[in-house]
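Here's a walk through one fold, strand by strand, with a stop at a glutamate and a look at the empty space. Have the structure open while you read.

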Amino acid sequence: MNTNYTQQEIMVVTGTTFSSQEFAMTTDGIDYNHLSEKERLEVACWNGLLPAMLPEIFEVSERRMYLWEIREGASFIELEMGDIYMDVEKQYSINPYLFMSVKNLS
């Protein structure tokens, strides 16, 4: 019997009103204001604030999703999530740096 796994990519475009929101980073008393917008988003994601930031994504999934990797682009951050870690197939990725590197020879 084959097991189906859930893998999801989320692209958060920076320079928007969503990405410039203030997210409660932690209660550890550290000031994150010196970080760039991308870095603040990354810290918020790694600190487990994704379900609060994007509740509609987590309401749909029946399985527990884990954040495995964050990739930074010129004007976005890409979040790689899934119930287990799996490599992203480049031709199916939403990351333009990945899928544009695959040449279609047909």
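## The hairpin

Let's start with a hairpin: E2 and E3 make one, with three residues between them. Keep in mind that this is a predicted model. The two strands run antiparallel, and six bridges tie E2 to E3, which covers residues 76-82.

Two of the facing positions are handy for orientation. Tyrosine 66 sits across from glycine 82 in E3, and glutamate 69 sits across from glutamate 80 in E3.

## The rest of the sheet

On to E1, which pairs with E3 over seven bridges, again in the antiparallel sense. Here glutamate 9 is the residue standing opposite glutamate 80 in E3.

Put together, the three strands give an open sheet with the order E1-E3-E2 and antiparallel pairing. Strand E1 (7-13) and strand E2 (66-72) are at the edges with a single partner strand each, so each has one side without a neighbour in the sheet. On average, neighbouring strands are turned by 20° against each other, ignoring direction.

There's a helix on this sheet too: H1 (residues 37-46) packs on it and touches E1, E2 and E3. The direction of H1 makes about 170° with that of E2.

## Strand E3, inside and out

How many of the seven residues of E3 are buried? Seven of the seven are, so E3 is largely enclosed by the rest of the structure.

The side chains of E3 split into two sets. Phe76, Glu78, Glu80 and Gly82 point one way from the strand, while Ile77, Leu79 and Met81 point the other way, and all are buried.

## A closer look at glutamate 80

Glutamate 80, which lies in strand E3, deserves its own stop. Is glutamate 80 buried or exposed? Its relative accessibility is 4%, which falls under the 20% cut-off, so glutamate 80 counts as buried.

Which side chain does glutamate 80 meet in a polar contact? The partner is arginine 71, and the contact between the two side chains is 2.3 Å. Leaving out residues up to four places away in sequence, glutamate 80 touches Gln8, Tyr66, Leu67, Trp68, Glu69, Arg71, Tyr85, Met86 and Val88. So that list holds Glu69, the residue across from glutamate 80 in the hairpin pairing.

## Empty space

Now for the gaps. Rolling a probe the size of a water molecule over the atoms shows where empty space is left. Counting cavities of 30 Å³ or more gives one, and the largest cavity has a volume of about 40 Å³. Its lining is made up of Gln7, Trp68, Glu80, Met81, Gly82, Ile84, Tyr85 and Met86. E3 gives the largest share of that lining, three residues. Glutamate 80 turns up here again, as one of the lining residues.

The largest pocket has a volume of about 240 Å³. It is lined by 13 residues, and those nearest its centre are Gly48, Pro51, Met65, Tyr66 and Leu67. H1, E2 and helix H2 (50-53) each supply at least two residues of that lining. Tyr66, one of the residues nearest the pocket centre, is also the tyrosine that stands opposite glycine 82 in E3.

Terms used. Residues numbered from 1 in each chain as written. Predicted model: local features only at pLDDT ≥ 70, side-chain atom pairs only at ≥ 80, totals over all residues. Heavy atoms only, no water. Pairing = 2+ DSSP bridges. Helix = DSSP H or I, 4+ residues; strand = E, 2+ residues; numbered from the N terminus. Axes fitted to C-alpha atoms, helices over the stretch in contact; angles between N-to-C directions. Contact = heavy atoms within 4.5 Å. Buried < 20%, exposed > 50% of the residue type's maximum accessible area, 1.4 Å probe, protein only. Polar contact = N/O pair within 3.5 Å; in protein donor to acceptor, adjacent residues only side chain to side chain. 1 Å grid on protein atoms, 1.4 Å probe; cavity = no way out; pocket = protein on both sides within 12 Å on 5 of 7 lines; lining within 4 Å. Points joined across faces, edges and corners; volume = space filled by probe spheres on them.
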